Amino acid sequence: MIPIAALWLALAIDRWLGEPPARWHPVVWTGCYLGWIGRRIAPVAGAARPRDWRRLAAGTLAWCIGAAMTLAAACGWLALARRMPAWAAVPWLALALKPLLAWRLLHEEVQAVETALGRSLDEGRAQLARLVSRDVAGLDPGQVREAAIESLAENLNDSLVAPLFWFVLFGLPGAACYRFANTADAMWGYRGEREGRDWTWAGRFAARADDVLSWLPARITALLLWLCAAPLQPRPGRAAAMLLREARKTPSPNSGWPMAAMALQLGIHLRKPGVYALHPEGRAPAGADTARALMLATRVAWLAAACATAAIACLEALGPA
């Protein structure tokens, strides 16, 4: 079937070619739009009001316009695919789906942090700054590894599992709209200042939209992390209770699930100073734990693709003749 073939071709393109050039990357285009309109709706830091409903309305409208443009582009691309023979429709869809999946880039960026950390702490911090938005200046080697593994777990959902989930349900438009929402949250979804502007109200809708769209995929990612671990840590009888306890510690309703699952399966603690400590009784992560985390995430990536394939096939079989 065309969607299944396009999915696996997109993953193959990601594996062998990586990300397309920035000028052809739809997520980069999304970022340009969000950056341009964001400077016009978010007030300069220090000028924000306690309850700025006007900024909330502007942020909501700007998000809806961007989502509508994304949906229109994806639907137009899909409409053209439906007019093509299968041999042409598969690569046509794969070329549009690939930029919405960023597994190779995530793997390389996390590995690069560990490689740089092996050379010096300063290089490790500098490499980590490409991956996370937190201040890295005061992090020790263990904290650098923790932040990299946390980012791997969280972005495993954002960059792979969630786009596949929405692709299964709604095809290319579903995956594209999710990536728009996730990018908007990454750029706008802050409580307070970021890059000289206050996003408390202007970015509130973007943050909530991403929370809603990521809610189920984040929990699926945690389940896949547990299924792919060998041996399982902890055992099934305790896993759900421990995961629920740890996942609730993060401010985000979703990111704590894959991060807590990763911490539990590796037997390590993952902490953001002053914010949360996941699996605090675990040991500090060492260099080998980064490799183990990458191996576990790779298993999840393949299992997620296999589950998406089975789900598409089942939906097709259950659909109208």
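Let me start with Trp 63, which is buried in this predicted model, because its relative accessible area is 12% and the cut-off for buried is under 20%. Phe 180 is buried as well, with a relative accessible area of 3%. What is the angle between the ring planes of Trp 63 and Phe 180, and how far apart are the ring centres? A search of the whole structure finds eight aromatic pairs, and for Trp 63 with Phe 180 the centres are 5.5 Å apart while the planes stand at 65°, so this pair is edge-to-face, given that the class begins over 60 degrees. If you follow the chain on the screen, you will see that the pair links distant parts of it, since Trp 63 sits in helix α3 and Phe 180 in helix α7, 117 residues apart. Trp 63 and Phe 180 also belong, together with Phe 205, to one aromatic cluster.

A second pair is made by Phe 165 and Trp 166, whose ring centres are 5.0 Å apart and whose planes are at 90°, so that this pair, too, is edge-to-face. Both of these residues, Phe 165 and Trp 166, are buried.

Let me turn now to helix α4, which covers residues 86–97. With 12 residues at 1.5 Å a residue, α4 should span 16 Å, and the C-alpha atoms at its two ends are indeed 16 Å apart, so the expected and the computed values agree. Which residues of α4 are buried? They are Ala 88, Ala 89, Val 90, Leu 93, Ala 94, Ala 96 and Leu 97. It may help to keep in mind that an α-helix has 3.6 residues a turn, so residues three or four places apart point the same way. Against what do the buried residues of α4 pack? Their partners are α1 (2–17), α3 (53–82) and α7 (141–188), and you will remember α3 and α7 as the helices that hold Trp 63 and Phe 180.

From the buried residues we can go to the surface, where Trp 24, Val 28 and Trp 29 make a nonpolar patch of about 350 Å². Val 28 is found in helix α2, residues 26–41, and it counts as partly exposed because its relative accessible area is 35%, which falls between the 20% and 50% limits.

The next topic is backbone angles. Most residues other than glycine have a negative phi. Glu 195, however, has a positive phi of about 55° although it is not a glycine, and His 279 is another non-glycine residue with a positive phi, in this case near 50°. Where do these two residues lie, and are they buried or exposed? Glu 195 lies in the loop between β1 (193–194) and β2 (197–198), and it is exposed, with a relative accessible area of 70%. His 279 lies in the loop between β4 (276–278) and α11 (287–318), and at 10% relative accessibility it counts as buried. If we leave aside neighbours within four places in sequence, His 279 is in contact with Glu 246, Lys 249, Ala 263, Leu 264, Gly 267, Ile 268 and His 269.

That brings me to the charged residues, for which the count comes to 17 salt bridges. Glu 195, which we have just met, forms one of them with Arg 194, the closest N and O atoms being 3.7 Å apart, and Arg 194 is partly exposed at 24% relative accessibility.

Glu 246, one of the contacts of His 279, is buried, with a relative accessible area of 1%, and it forms a salt bridge with Arg 245 in which the closest N and O atoms are 2.7 Å apart. Arg 245 itself counts as partly exposed, at 41%. Arg 245 also meets Glu 281 in a salt bridge, at 3.5 Å from N to O. Because Arg 245 lies in helix α9 (residues 236–247) and Glu 281 in the loop between β4 and α11, this pair ties together parts that are 36 residues apart in sequence. Glu 281 is exposed, at 52% relative accessibility.

Finally, which residues are linked with Arg 245 in a network of salt bridges? They are Glu 246, Lys 249 and Glu 281, and two of these names, Glu 246 and Lys 249, appeared earlier among the contacts of His 279.

Methods: Residues numbered from 1 in each chain as written. Predicted model: local features only at pLDDT ≥ 70, side-chain atom pairs only at ≥ 80, totals over all residues. Heavy atoms only, no water. Helix = DSSP H or I, 4+ residues; strand = E, 2+ residues; numbered from the N terminus. Expected span 1.5 Å × (residues − 1). Buried < 20%, exposed > 50% of the residue type's maximum accessible area, 1.4 Å probe, protein only. Contact = heavy atoms within 4.5 Å. Patch = residues over 30% accessible without salt bridge, like charges linked within 9 Å, V, L, I, M, F, W, Y side chains within 5 Å. Areas by Shrake-Rupley, 256 points an atom, 1.4 Å probe, with all protein chains shown as cover. Salt bridge = Lys/Arg side-chain N within 4 Å of Asp/Glu carboxyl O. Phe/Tyr/Trp six-rings, centres within 6.5 Å; stacked < 30°, edge-to-face > 60°.
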